[in-house]
Amino acid sequence: MSGTARELTRRLRLLLALGAAATLTLFLAYRGVHDDTVPLAESSTPGILAVDTAQNALRAAHAVVSGPEGDLSGEFHTQISVAHQSLALAASENVIGTEGRHDLQTVTGLIAVYSGWVERWGEEDQEALGAAYLSYAEQVLGVRPASGAGPAAGDEGAIMSRLDALRGKQLAEAERQATFPWQLWVGWSAVTALYVALLLALLGTQRFLRRHFRRPVQVRLLAATVVCGLGVPVLGWITRDAQRAMAGAVAEIRVRAKDPDEIALAAERVHSALADAGFWASLSDWILLGGAAVMALTVWGLWPRIAEYRPRGPR
C-alpha cells in the first residue's frame with residue numbers, strides 16, 4: 001500500500017473514531033440536560049402549584065368559619081373541594097414518588113378530620129363547646145387559634161406544616177432538575193473538544209485530498225463537515241436556552257404564590273418558558289442519526305479513494 005493510501009486509511013480511522021466519540025458524548029450530555037425539562041414542565045411545576053392551591057383554598061375555607069360572621073356557608077365546602085382536587089392533582093404528578101403520595105394521603109385524611117370538627121362547631125349551640133371544636137379544627141389545620149391558645153402554624157403534625165414540608169421536598173426535586181452539575185460541565189467540555197477536533201480533522205482531510213487529487217472539494221466530506229459544523233452549535237444553543245428556561249421556571253415557583261390569580265399567572269409563565277420542552281427532548285434521537293450520517297458520508301467520501309490503491313488481480 002502506498003503512503004497516500006496509508007494516510008487516507010489513517011485519516012478515515014481517525015474521523016470515524018472522533019465521529020463516534022463526539023456523537024456518543026453529545027448524546028449523553030444533551031440527554032443529561034433535556035431528560036429533566038419535560039418532568040419539570042409537566043410534573044414538578046404543576047405538583048408544586050397544586051400544593052400552593054390547596055393551601056390557599058384551606059386558608060380561604062378557614063377564613064369563612066373564623067371570620068366575624070363565622071358561618072358554615074357553601075363557600076367553606078367549595079374551598080375544601082378545591083383543596084381535595086388540588087391534592088389529587090399533586091398526587092397524580094408524583095413529583096417525589098412514594099413518600100409524596102404517603103404525605104398527601106395523610107393530609108387528605110387530616111382534612112377530613114378538620115372538616116369534621118368544623119361541622120361539629122357549626123352544629124353546636126353552646127358557645128363554649130363550639131369554641132372548643134373550632135380550636136380543635138385550628139390545631140389540625142395548623143393555624144394559631146383566635147384565643148391565642150394551642151399550637152402555632154409550625155406544628156409538624158398539622159396540615160399546613162405537612163404541606164409546607166411536602167412543598168419543600170418537591171421544590172428540592174425541581175431545583176435538582178434545573179441544576180447544571182459538574183458532571184454536565186465535564187460532558188459539554190468534552191463535547192466541545194471532540195467537536196473542534198472532528199471539525200479540524202474533516203477540514204484537514206479536505207486539504208489533503210485537494211493537494212493529492214487536485215479536486216477543489218470533496219462533496220461528501222463537505223456534507224459531513226456541514227452537518228457537524230451546524231448541528232453541534234445549534235444543539236448547544238438549544239441546550240443553553242433550555243437551561244435558562246428551567247432556571248427561570250424554578251425561580252418562578254420558588255416564591256410561594258399568595259392567591260389563586262398569582263398561581264395561575266405563575267403556571268402560565270412556566271408553561272410559556274417550557275412550551276418547547278418536549279421538542280427539545282425529542283432532538284436527542286437526531287443526534288444519533290446525525291452522527292451516523294457524518295460517519296457514513298466520511299466513509300463514502302474516502303473509501304473510493306482508498307480502493308483505488310488496492311492491488312488488482314490479473315485479468
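Helix 4 and helix 6 pack at an angle of about 160°, their axes lying 10 Å apart, and this angle makes helix 4 roughly antiparallel to helix 6, since anything over 145 degrees is counted in that class. The crossing that the two helices make is left-handed. These descriptions, like those that follow, refer to a predicted model.

The pairing of helix 4 with helix 6 can also be followed at the level of side chains, where lysine 169 and glutamate 99 meet in a salt bridge with an N to O distance of 2.6 Å. Lysine 169 belongs to helix 6 and glutamate 99 to helix 4, which spans residues 98-123, and the bridge thereby links distant parts of the chain, its two partners being 70 residues apart. Are these two residues buried or exposed? Lysine 169 is partly exposed, with a relative accessible area of 32%, and glutamate 99 is likewise partly exposed, at 43% relative accessibility.

Just before helix 4, the loop that joins it to helix 3 (74-93) contains asparagine 94. Although asparagine 94 is not a glycine, it has a positive phi of about 55°. Its relative accessible area is 33%, so that asparagine 94 is to be described as partly exposed.

Helix 6, which covers residues 159-178, has a further neighbour in helix 8, residues 219-254, and the axes of these two helices come within 9 Å and cross at roughly 165°. Helix 6 and helix 8 are therefore roughly antiparallel to each other, and helix 6 passes helix 8 in a left-handed crossing. Beyond helix 6 the chain enters the loop that leads to helix 7, and phenylalanine 180 lies in this loop. Phenylalanine 180 is partly exposed, with a relative accessible area of 23%, and its C-alpha atom is separated by 9.6 Å from that of alanine 247, a residue 67 positions away along the chain.

Helix 8 itself carries charged residues that take part in salt bridges. How is helix 8 tied to helix 9? Glutamate 252 forms a salt bridge with arginine 269, and the closest N and O atoms of the pair are 2.6 Å apart. Because glutamate 252 lies in helix 8 and arginine 269 in helix 9 (residues 260-273), the pair ties together parts that are 17 residues apart in sequence. Glutamate 252 counts as partly exposed at 25% relative accessibility, and arginine 269 is also partly exposed, with a value of 43%. Another bridge joins the side chains of aspartate 241 and arginine 240, with an N to O distance of 3.5 Å. Aspartate 241 has a relative accessible area of 30% and is partly exposed, as is arginine 240, for which the value is 34%.

These pairs belong to a wider set, for a search of the whole structure finds 13 salt bridges. What links Asp52, Asp164, Arg167 and Arg256? The four residues are joined in a network of salt bridges.

Helix 7, made of residues 182-213, includes valine 196, which brings the description from charged groups to a nonpolar part of the surface. Val196, Leu200 and Leu203 form a nonpolar patch there, with about 250 Å² of accessible area together. Valine 196 is partly exposed, its relative accessible area being 39%, and it can be counted in such a patch because the residues of a patch need over 30% relative accessible area.

Leucine 28 offers a further view of a nonpolar residue, this time in helix 1, which comprises residues 3-34. At 54% relative accessibility leucine 28 counts as exposed, the cut-off for that class being over 50%. The C-alpha atoms of leucine 28 and tryptophan 188 are separated by 9.3 Å, although the two residues are 160 residues apart along the chain.

The view can now be widened to the chain as a whole. It has 11 helices and zero strands, and from the N terminus on its elements accordingly run α-α-α-α-α-α-α-α-α-α-α. Of the 315 residues of the chain, 41% count as buried, a class that requires a relative accessible area under 20%.

Terms used. Residues are numbered from 1 along each chain as its sequence is written. This is a predicted model: local features need pLDDT of at least 70, side-chain atom pairs count only at pLDDT 80 or more; totals for chains, interfaces and linings use all residues. Side-chain values use heavy atoms; hydrogens and water are left out. Patches are made of residues with over 30% relative accessible area and no salt bridge: like charges are joined within 9 Å, nonpolar side chains (Val, Leu, Ile, Met, Phe, Trp, Tyr) within 5 Å. Accessible areas come from the Shrake-Rupley method with a 1.4 Å probe; for residues, only the protein chains shown count as cover. Helices (H or I, at least four residues) and strands (E, at least two) are DSSP runs, numbered from the N terminus. Buried means under 20% relative accessible area, exposed over 50%, partly exposed in between (1.4 Å probe, protein chains only). Axes are lines fitted to C-alpha atoms, for helices over the stretch in contact, and angles run from 0 to 180 degrees between N-to-C directions. Angles under 35 degrees count as roughly parallel, over 145 as roughly antiparallel, 65 to 115 as roughly perpendicular and the rest as oblique. A crossing is left-handed if the near helix is turned anticlockwise from the far one by less than a right angle, and right-handed if clockwise.
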